[in-house]
Amino acid sequence: MRQLTGDHLTDQQRQLISQTVGCCQQYSFQLCYEPGAPALTANGDSQAAVYRIFGDTAKGPTAVLVRTPGQGEMSNTIYIYLPTQREEKGDDTRQEETSAQ
């Protein structure tokens, strides 16, 4: 998990993902770097179930489990949104400007 996310998740966030992943099912992981990425939704599939594991894309790292039925099995994908460093710096700059006023 650390290699996949570049060590951008906390121990608690990694633990929440581990608790979500069952030992008898197969999961795929997808990294997203844009907050409005369609991958963080059910992609218009009315039978898909979306579960937020942690986070809020407006505030930082987020993990979402999307379960989609298909060919007799469930497809389980965990989408992990990581803000880019530029976004993180932009947030810090805005906070500094607000505190300076």
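1. Two strands are said to pair if DSSP finds at least two bridges between them, and with that in mind the hairpin of this predicted model can be read: β3 and β4 form a hairpin with 2 residues between them, and Gln71, which lies in the turn, has a positive phi of about 45°. The two strands of this hairpin run antiparallel and are joined by 9 bridges, and at one of the paired positions Thr62 stands opposite Tyr81 in β4.

2. The hairpin belongs to an open sheet of 4 strands, whose order is β1-β4-β3-β2 and whose pairing is mixed. The edges are taken by β1 (27-32) and β2 (49-54), and because each of these has a single partner strand, one side of each is left without a neighbour in the sheet. Neighbouring strands are turned against each other by 25° on average, when direction is ignored.

3. As a reminder for the next pair, strands of a sheet pair through backbone hydrogen bonds, either parallel or antiparallel. The edge strand β1 pairs with β4 (residues 73-81) in the parallel sense, over 6 bridges. Among the residues involved, Phe29 has Ile78 of β4 as its bridge partner, while the bridge partner of Gln30 in β4 is Tyr79.

4. Helix α2, which covers residues 11-20, packs on the sheet and touches β1, β2, β3 (62-70) and β4, and the direction of the helix makes about 145° with that of β2.

5. The same helix brings us to the charged side chains, where the count comes to 2 salt bridges. In one of them the side chains of Arg14 and Asp11 meet at 2.2 Å, N to O; these residues are 3 apart in helix α2, so they are separated by about one helical turn. Arg14 also forms a salt bridge with Asp7, with the closest N and O atoms 3.7 Å apart, and through shared partners Asp7, Asp11 and Arg14 are joined into one network. Arg14 is buried, because its relative accessible area is 11% and buried means under 20%, whereas Asp11, with 52%, is exposed.

6. Finally, the cysteines deserve a careful look. A disulfide is a covalent bond between the sulfur atoms of two cysteines, and a search of the whole structure finds 0 disulfides. Which of these descriptions, buried or exposed, fits Cys32? With a relative accessibility of 5%, Cys32 counts as buried, whereas Cys24, at a relative accessible area of 76%, is exposed.

Key:
Residues are numbered from 1 along each chain as its sequence is written. This is a predicted model: local features need pLDDT of at least 70, side-chain atom pairs count only at pLDDT 80 or more; totals for chains, interfaces and linings use all residues. Side-chain values use heavy atoms; hydrogens and water are left out. Axes are lines fitted to C-alpha atoms, for helices over the stretch in contact, and angles run from 0 to 180 degrees between N-to-C directions. Contact means heavy atoms within 4.5 Å. A disulfide is a pair of cysteine sulfur atoms within 2.5 Å. Buried means under 20% relative accessible area, exposed over 50%, partly exposed in between (1.4 Å probe, protein chains only). A salt bridge is a side-chain nitrogen of Lys or Arg within 4 Å of a carboxyl oxygen of Asp or Glu.
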